2 protein chains.
Amino acid sequence: MSSQAAHPALMIPGPIEFDDAVLQSMSHYSESHVGAGFVSVFGETLSMLRKLFQTTNPASQPFIINGSGTLGWDMVAANLVEPGEDVLVLSSGYFGDAFADCFVAYGAKVTIIFGAVGSRPQPNEIERALKDKKYKLITATHVDTSTGVLFDLKSLTDLVKRVSPETLIIADGVCSVACEEIAFDEWGLDGVITAGQKAIGCPTGLSISMFSGRAIDVVKNRRTEPATYFASMKRWIPIMQNYEAKKPSYFSTPSPQLIRALNTAVSQILARPLSERFQRHIEVSDKVKKAVAELGLKIVAAKPEDQAHAMTAIYLPDSVSIPEVLPKLLSKGIIFAGGLHKEIGSKYVRFGHMGPSATDPKRSDIDDALQALRDTLAECGYKP
Amino acid sequence: MSSQAAHPALMIPGPIEFDDAVLQSMSHYSESHVGAGFVSVFGETLSMLRKLFQTTNPASQPFIINGSGTLGWDMVAANLVEPGEDVLVLSSGYFGDAFADCFVAYGAKVTIIFGAVGSRPQPNEIERALKDKKYKLITATHVDTSTGVLFDLKSLTDLVKRVSPETLIIADGVCSVACEEIAFDEWGLDGVITAGQKAIGCPTGLSISMFSGRAIDVVKNRRTEPATYFASMKRWIPIMQNYEAKKPSYFSTPSPQLIRALNTAVSQILARPLSERFQRHIEVSDKVKKAVAELGLKIVAAKPEDQAHAMTAIYLPDSVSIPEVLPKLLSKGIIFAGGLHKEIGSKYVRFGHMGPSATDPKRSDIDDALQALRDTLAECGYKP
């Protein structure tokens, strides 16, 4: 049983429902950000990220900085690319488009390949673009939270390494780290940025990322200084290395409460094999997708191989609107999110099924959400 | 009585000891960042900041963003200044110097006036500089956390308005908001940046700031786009305005837990007149300074008018070292910070006396800290 006050289940694609122990860590008594107790917890958390991202290469560098997923984009755009350099952004929704805006803000020359609505850029388009021009960096949104479209990162890294091996490969893993397989070393990724409040299961407030030794070398060997202070990787690298070596260090004050909560969340994740966790998210996803099909509804990510496993974007029946559905779901104790896509935003809802709601056998959030969806649609007069 | 586990009192100049109710808000159950409950709390918190900063001008714009005090520097440097423009930084310690580094990162032409150790730039130097060159912006660190030097902001704003009225006036209020008087409108400030974890009394993780209508106009009328995405005020302004109008809005996910904690902390502050709070910090400061004098020790901020009221940087006796003092204090349940200044860092300790430790009559933190200091020095063989 949960010790949290009774509340509707937050079934949006982040923030998610948090485990009691994680929330308890949030109210930890105040500690010095350079005191031995917190330094040890911070250092341990950084080391644990290596396991979460599946990297054993000591040159890989984890970062935990006050912020959110968005700040990770600034870290990539400000530090890994110099003004005027070419970047290729693969977009499968709102978040790919916005990442491109971020690169533009820092002066990169950006080429975007847009996936069709509910799909993602295709390998032949990507290969053509990579052969056309030499890109400093390519990015893909592993799961675009706006559409629930999953990107096949493994095929992408294979393609880039074959066609343009010098190009840095960065994944936006905000909605994929800790729910979708990411083999940082094996796939040869150069960077994965994420946030705490999705499948990792830690309250919002942290930008979490991992960069390869190759990416760190690019940061160290820039011709120009990066146009940022707070997001400067060069300033943060020694801080992260010191904390991981259990030595206090200061650039900007970290949050002991958030980092303790992250430590608790990642400890829970790593207590079981990651493969089991990914498999569990696939099983829950299959259950949700099956129930959606039985309701006669369509999923925004049309092809099964493009469907994320920790969220589902579901088209509503033509006769039913978002302003009708969300309050009815809420009255049944379930919170879904509306759509977030410039072309189809008003036509679908987003159902997040990750973290404790998917993995904690004591929770019935998924079944409750599906039942609430069925009941709501019935109340709206929809019959499958 | 506190419900927090027994722990040493954190008497450093931030993070500070937090009130039980504030820590409890940190473990609030998960909420949607665009749900009605949280939107209302966020909006109310933004409105309360107007009272905390003492501004009634509707053109003033509050910001609450995941980050820390440092991020406020980036907001100022990236948004209010364009590359090549002149900035005058008044430094009274480590944090003034670092703010200057931040401006340099964004391409500003920076002139620094350094205060002598334990002092601050003097009015005649500032006036000379302002007459010498037209500055887009001037900054002062209201209280430099590294030295405990207080800047007389009121005299500064008077001077700037007389000599160079077009120059934007920005205060770093990280260690002054909620403990030192700041009359935003009356003094004619254009921006004050701060963080939650000092006198406001909210756990680390938020960048909190207030900008004048004049500053916002500068942001809106830039010739060039700012080289930032996450710290872009132009992107955040509509979000903050929507939340304050209790309308959901999205650019980057805010932290419901941190903002609830901030709401609790600021509600507690505003429940009593601000003048009473400032007076209380003065009284506690007087008590600390008197005790330090009785111990025959010197304060880094030499002149009484340069001494901050929420922290004291205390020179140790020549015979006593920081590595000797801090563990002895800790064994008595008190945490002080070491020095943080390139020239004198190893010679002094910092004692933070702000927030609940200063204002909550149920807490004996200040007396305990003073007694621990006396006992520690005696154990080290020092006699006043």
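## A tour of two chains and one strand

Start with both chains in view. Chain B can be laid on chain A by a turn of 180° and a shift of 0.0 Å along the axis, with an RMSD of 0.0 Å. Copies are superposed by least squares on the C-alpha atoms of residues with pLDDT of at least 70 in both. The two copies are thus related as by a two-fold rotation axis. Select B:Gly67 next: in chain B, its C-alpha is the nearest to the axis, 2.4 Å from it.

A word on the model. It is predicted, so local features need pLDDT of at least 70 and side-chain atom pairs count only at pLDDT 80 or more, while totals for chains, interfaces and linings use all residues. Residues are numbered from 1 along each chain as its sequence is written, chains are lettered from A in the order in which they are written, and side-chain values use heavy atoms, with hydrogens and water left out.

**Stop 1: the interface.** Show the residues in contact (heavy atoms within 4.5 Å). Chain B gives 53 residues and chain A gives 53 residues. The copies meet through the same surface, because 100% of the interface residues of chain B are also interface residues in chain A.

The buried area is about 3,900 Å², and carbon and sulfur atoms give 64% of it. This is the accessible area (1.4 Å probe) that two parts lose on being put together, summed over both. Now pick B:Tyr29, B:Ser30 and B:Tyr229. They supply 17% of the area that chain B buries against chain A, more than any other three residues.

Look for salt bridges (a side-chain nitrogen of Lys or Arg within 4 Å of a carboxyl oxygen of Asp or Glu). The rule finds zero across this interface.

**Stop 2: inside chain A.** Select strand E5, residues 137-141. Helices (H or I, at least four residues) and strands (E, at least two) are DSSP runs, numbered from the N terminus. Is E5(A) buried or exposed? Five of its five residues are buried, so the strand is largely enclosed by the rest of the structure. Buried means under 20% relative accessible area, exposed over 50%, partly exposed in between (1.4 Å probe, protein chains only).

In a regular strand the side chains alternate between the two faces of the sheet. On one side of E5(A) are A:Leu137, A:Thr139 and A:Thr141; on the other are A:Ile138 and A:Ala140.

**Stop 3: the neighbours.** Strands pair if DSSP finds at least two bridges between them. Add E3(A), residues 86-91: E3(A) pairs with E5(A) in the parallel sense over four bridges. There, A:Leu88 stands opposite A:Ile138. Finish with E8(A), residues 168-172, which pairs with E5(A) in the parallel sense over five bridges. A:Ala140 stands opposite A:Ala171 in E8(A).
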